[in-house]
Each structure stands twice: as structure tokens, then as C-alpha cells.
Amino acid sequence: MPELPEVETTRCGIAPALVGHTIQQVVIRERSLRWPVPQDIEKRLRGQRVLQLTRRAKYLLLETTGGTALIHLGMSGSMRITAADEPPEKHDHFEIQSSSGDIVRFNDPRRFGSLLWAGAWPAKHALLVELGPEPLSEDFSGAYLHATGKGRKVAIKQHIMNSKVVAGVGNIYANEALFRAGIHPARAAGRIALARMEVLATEIRSVLRDAIRQGGTTLRDYRGGDGKPGYFRQQLLVYERGDEACKRCGTAIRRTTQGQRATYYCHSCQT
Ligand SMILES: [Zn+2]
């Protein structure tokens, strides 16, 4: 599932084909994505200039002179740049034809992705309005995590995966950051000292930055390639390593479930 680093990698990969250019046409081949693609979105976007392509949590915001469209990659979505004469592939559900001469195509076999209209005030869109700060922004810190966790019995892993607390820390990176910070994923958020929360905030940023950097190495794949960003797999320390040896101490990594999501941790390194 694409998480924040994959979305950021996608943003960097497709931005040059869109930003500063005019949208000549939007073609929708499949309207039943996670939410129906609005009937008028092609008309709203056609002829508009793309001012910016930004990211909020796992949403891409296509900001144009006529308003903003929201794109979400869902469970299996990816976007790639193709040449104008290249025929669409199976599961290419929509495409944006740019005055740059490129086409940006959205491919999503499971159709949990989305293309929505957010108008002139995207920050007020129902999907974005309740999101907490971006983990890579200055608003996010150990002091902030400590303050939001104060008095709370919720497990720290669920606390950092709550998008109202901090936006876009998905399961893979929550597992990895907690391991790097040496914090047990089930520890109550209210029972973690400020100093440890500062380490955790630093590790959340660092694991996300490392993964974004990893994705950045495969950006050339966005042009004519398979459009799949680098998935940072080889650097994972605990995620999907159940029963394998901890890379720090050799103890077997344990797997449990929290909030229906798989948790991996080392019971010796994480307390
Ligand atoms: Zn260990």
C-alpha cells in the first residue's frame, strides 16, 4: 500500500509534467473508484494551468487556476508519465493530458484510489480538515507528541498512526520508527517521557526521509517505466520480519496485531 514516502516520491516524479503547464484534457475511463469520480471534473480542469502539485498526508493536491483536485492512490494506485502516443494499459482509470506533451496516467488494479474535486479551499475539504500536522513539518515534534499523548492510555503505535494526531504515518513506518526509537509499540502514549517522545519524533522524520530518498533513486521509472516507486524494503528493520533475528541484538522479532494492523517489534530492544 502506498504510504507517505511513496506518495511524496510520486509527487516529485510527476510534477515536472504538470506544474506550470496547462491541462489540455482529462480522460476518465473508470468512474467507480473508492468514491465516484465527479461527472464535471474533466470540464473543471480542462484549460486550467497547474500552479502546484502538493501533498497533504497521503493526498496529492493538483492546484490549478480553476481550483484543486485531490488524488489518493488507495491500496494499489500508482501514477506515471507516458508519451502521448502510448496506448493505455489495463487499470489505467484516468489520465491528465498536459501542454508539456506528456500524459500522466493513474493506474489502480484494486480501485481504492480516488479523484475528487476540492474547489478553492482544499484545506476545508472533509477528507483534509481534521488531519493533524505533517510529520516533516515544524509543527510536529516530541513536545507535540508528548502533549497530545498526555493522560492517554492508547498504545503509542496507534497514537502515531492516528491521522488526527499526525498525518500520514502508516503502518510500515510506525513499526520502523518505534523500533529505531526503542519504544515498545503497546506502551501507553501517556506513559512515555518527553525525552523519549523527542527521540520518537526524530525517528519518525528520519525513517520517512530515508524512504523518500530511496524512492527518489527510481524517479526515472516515472517516464516510460512501470511507474512503481522504490519501496524501501531492503532497509526495513522489523516490518514483515516476524521470527527473524533482530538486526541489533539477535532476539527473534515478534508479530502481534494492534487495531487490526500487524505490529512487529523486538521485545528486548523496545521497552
Ligand atoms: Zn533487538
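Let me begin with a convention: helices (H or I, at least four residues) and strands (E, at least two) are DSSP runs, numbered from the N terminus, and two strands pair if DSSP finds at least two bridges between them. What we are looking at is a predicted model, in which local features need pLDDT of at least 70 and side-chain atom pairs count only at pLDDT 80 or more, while totals for chains, interfaces and linings use all residues. Residues are numbered from 1 along each chain as its sequence is written, and side-chain values use heavy atoms, with hydrogens and water left out.

I will start with the hairpin. Strands β6 and β7 form it with three residues between them, and Gly101, in the turn, has a positive phi of about 95 degrees. The two strands run antiparallel and are joined by five bridges; one pairing to look for is Ile96, whose bridge partner in β7 is Val104.

That hairpin belongs to an open sheet of four strands, in the order β1-β6-β7-β5, with antiparallel pairing. Its edge strands are β1 (23-28) and β5 (78-83), each of which pairs on one side only. From one strand to the next the twist averages 20 degrees, where axes are lines fitted to C-alpha atoms, for helices over the stretch in contact, and angles run from 0 to 180 degrees between N-to-C directions. On the other side of the hairpin's second strand, six bridges join β5 to β7 (residues 102-107), and these two also run antiparallel. Within that pairing, Thr82 stands opposite Ile103, and Ala83 stands opposite Asp102.

How many of the six residues of β7 are buried? Six of six are, where buried means under 20% relative accessible area, exposed over 50%, and partly exposed in between, with a 1.4 Å probe and protein chains only. As a reminder, in a regular strand the side chains alternate between the two faces of the sheet. In β7 both faces are covered, with Asp102, Val104 and Phe106 buried on one side and Ile103, Arg105 and Asn107 buried on the other.

Now to the helix. Helix α1 (residues 4-18) lies across β5, β6 (92-98) and β7, running at about 35 degrees to β5; contact here means heavy atoms within 4.5 Å. It has 15 residues and reaches 20 Å from its first C-alpha to its last, close to the 21 Å expected at 1.5 Å a residue, the expected span being 1.5 Å times one less than the number of residues. There is nonetheless a kink of about 25 degrees at Cys12, shortly before the proline Pro16, the bend at a residue being the angle between axes fitted to the seven residues ending there and the seven starting there. The helix is mostly covered, with 12 of its 15 residues buried, among them Glu6, Glu8, Gly13 and Leu18. Just after α1, Gly20 takes a positive phi of about 85 degrees.

There is also an open sheet of four strands with the order β2-β3-β4-β8, again with antiparallel pairing. Strands β2 (50-56) and β8 (114-119) stand at its edges, each with a single partner strand, so one side of each is left without a neighbour in the sheet. Here too the twist averages 20 degrees from one strand to the next. Six bridges join β3 (residues 59-64) to β4 (residues 67-72), which run antiparallel, and Leu60 stands opposite Ile71 in β4. Helix α1 packs on this sheet as well, touching β2 and β3, and its direction makes about 175 degrees with that of β2.

In edge strand β8 I would point to Ser114, which counts as buried at 2% relative accessibility. Leaving aside residues up to four places away in sequence, Ser114 touches Leu33, Trp35, Leu70, Ile71, His72 and Phe106.

Finally, the aromatic rings. A search of the whole structure finds three aromatic pairs, where rings of Phe, Tyr and Trp (its six-membered ring) pair if their centres lie within 6.5 Å, and planes under 30 degrees apart count as stacked, over 60 as edge-to-face and the rest as tilted. Why is the pair of Phe140 and Tyr144 edge-to-face? The centres of these rings are 6.3 Å apart and their planes stand at 65 degrees, so the pair takes that name. Phe140 is buried, with a relative accessible area of 0%, whereas Tyr144, at 22%, counts as partly exposed. Tyr239 and Tyr264 form an edge-to-face pair too, at 5.5 Å centre to centre and 70 degrees between the planes. Tyr239 lies in the loop between α6 (194-216) and β9 (254-258) and Tyr264 in β10 (residues 261-265), so this pair ties together parts that are 25 residues apart in sequence. Both tyrosines, Tyr239 and Tyr264, are buried.
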